[in-house]
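Here are some worked exercises to try with the model open beside you. Have a go at each task before you read the solution.

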Amino acid sequence: MTNSTTNEPEPSDSLKTFGLVHKACRKRAGLTQEEFAPLVGYQPSTVASIEQGRRLPPRAYVERAEEVLDAFGVLRAAAKYATRQPGLASWFREWAELEEQAISLYTFENRLVPGLLQAEGYARTLFNERVPVLTDTQIEAQIAARADRQRLLVERPNTAFSFIVEEHIIRRGTGGLHVTRGLIDHVLTVTELRNVQLQLMPMARDVHAGLDGPIRLLETPENEWLGYCEGQRSGQFIADPKSISVLHMRYAKLRSQALTPEDSRSLLERTLGAL
């Protein structure tokens, strides 16, 4: 087994190249990372991650950096070739990029704990059980990519993250008692953030508005709403206004049917205490 303890994804050559180009343009402009970050509306840690080749630059970031640094189209051109190491499924990468720009992100899950809320032990259990079997290297890449995505919860404090999760997912005990304790403790810590809200759908509610499956919705900085539906080996974007309206109605109904955030935390605390 690989004894990797880092949560950082291994940088790809294209990401490292973009980072070096970005750094050169920033230095040419005479700006430190701390001075540059507020000019493009991102945290200094995000700028550092991009320049070190650890993070795929969002499209909005590239456009703002082009303008601020007067880069003559160099950053825009370099960004076209910037790709991650394997770790995010190819069909999910575009949605992941949109997540980094979203001002609102809604997720309902009835299959497993959403990736943004997963503790490492829980995520590792899922990847260890993946079929076809993943290599140790592939598992570490998946773990690192998931940890990289989870930075959004902290680095985007103005983004509203709403999660509705079926209670039975927590009670399934995926990975055993130790993993489940770690998962609940992690979720309780994450949901202390003011921009992160979790509601549990109680097992006692035998019918609810999400029986057709998971729901993912996000709002872009331009106030456009998009949806995403993922299957076994594919993902589908949803932009049709009528479909988005239906998903919004269902999510609103789910919010009214689920436990309140306060009652959800209380249930998690009682569950953790009983383990």
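Helices here are DSSP runs of H or I with at least four residues, strands are E runs of at least two, and both are numbered from the N terminus. Keep in mind that this is a predicted model.

**Exercise 1. Find what follows α4, then describe its buried side.**

Task: work out which residue just after α4 has a positive phi, and which residues of α4 are buried.

Solution.
- Step 1: α4 covers residues 59-69. Just after α4 comes D70, with a positive phi of about 50°.
- Step 2: Go back into the helix. Its buried residues are A60, Y61, V62, A65, E66 and L69.
- Step 3: Now look for what sits over them. The cover includes α1, α2 (33-40), α3 and α5 (74-79).
- Step 4: Carry on into the loop between α4 and α5, where you'll find F72. F72 isn't a glycine, yet its phi is positive, about 60°. Exposed means over 50% relative accessible area, so F72, at 67%, counts as exposed.

**Exercise 2. Describe how α1 packs on α3.**

Task: classify the crossing of these two helices and say what kinds of residue make the contact.

Solution.
- Step 1: Pick your descriptors. Two packed helices are described by the angle between their axes and the distance between the axes.
- Step 2: Read them off. The axes of α1 (residues 13-28) and α3 (residues 44-51) come within 7 Å and cross at roughly 120°.
- Step 3: Classify. Roughly perpendicular runs from 65 to 115 degrees and roughly antiparallel starts over 145, so α1 is oblique to α3.
- Step 4: List the contact residues. α1 brings L15, F18, G19, L20, H22, K23 and R26, while α3 brings V47, I50 and E51.
- Step 5: Sort them by type. You get five nonpolar, two polar and three charged.

**Exercise 3. Map the largest nonpolar core.**

Task: which residues have the most contacts inside the largest nonpolar core, and which element gives the largest share?

Solution.
- Step 1: The core has 31 residues, and W95, F161, F163, L198 and L268 have the most contacts inside it.
- Step 2: Elements giving two or more residues are α6 (93-99), α9 (152-155), β2 (160-166), α10 (167-171), α11 (177-190), β3 (196-201), β5 (225-230) and α13 (261-274).
- Step 3: The largest share, six residues, comes from α11.
- Step 4: Check for a second one. Another core, of 17 residues, lies apart from it, with L31, A65, A71 and L75 among its members.

**Exercise 4. Trace the surroundings of F163.**

Task: find what F163 touches beyond four places in sequence, then look at P114 from its own side.

Solution.
- Step 1: F163 is in contact with T107, P114, L116, L117, L153, V196, Q197, L198, Q199 and Y251.
- Step 2: Pick out P114, which sits in the loop between β1 and α7. P114 and F163 are 49 residues apart in sequence, but their C-alpha atoms are 8.1 Å apart in space.
- Step 3: Is P114 buried or exposed? The cut-off for buried is under 20%, so at 5% P114 is buried.
- Step 4: Beyond four places in sequence, P114 touches T107, E109, F163 and V165.

**Exercise 5. Contrast S104 with L193.**

Task: decide how accessible each residue is and list the contacts of each beyond four places in sequence.

Solution.
- Step 1: S104 lies in β1 (residues 104-109), whereas L193 is in the loop between α11 and β3.
- Step 2: S104 has 10% relative accessibility and so counts as buried. L193, at 29%, counts as partly exposed.
- Step 3: S104 is in contact with T159, A160, L217, L218, E219 and W225. For L193 the list is L153 and V154.

**Exercise 6. Check backbone and confidence.**

Task: where is the cis peptide bond, and over which residues is the pLDDT below 50?

Solution.
- Step 1: The cis bond joins V131 and P132, with omega about 0°. P132 lies in the loop between α7 (120-128) and α8 (136-150).
- Step 2: The mean pLDDT is 89, and 92% of residues reach 70 or more.
- Step 3: Residues 1-10 are the stretch below 50, with 16 contacts in the model beyond near neighbours in sequence.

Notes:
Residues numbered from 1 in each chain as written. Predicted model: local features only at pLDDT ≥ 70, side-chain atom pairs only at ≥ 80, totals over all residues. Heavy atoms only, no water. Core = buried A, V, L, I, M, F, W, Y, C linked by side-chain atoms within 4.5 Å. Buried < 20%, exposed > 50% of the residue type's maximum accessible area, 1.4 Å probe, protein only. Contact = heavy atoms within 4.5 Å. Axes fitted to C-alpha atoms, helices over the stretch in contact; angles between N-to-C directions. Parallel < 35°, antiparallel > 145°, perpendicular 65-115°, else oblique. Nonpolar A, V, L, I, M, F, W, Y, C, P; charged D, E, K, R; others polar. pLDDT = per-residue confidence, 0-100.
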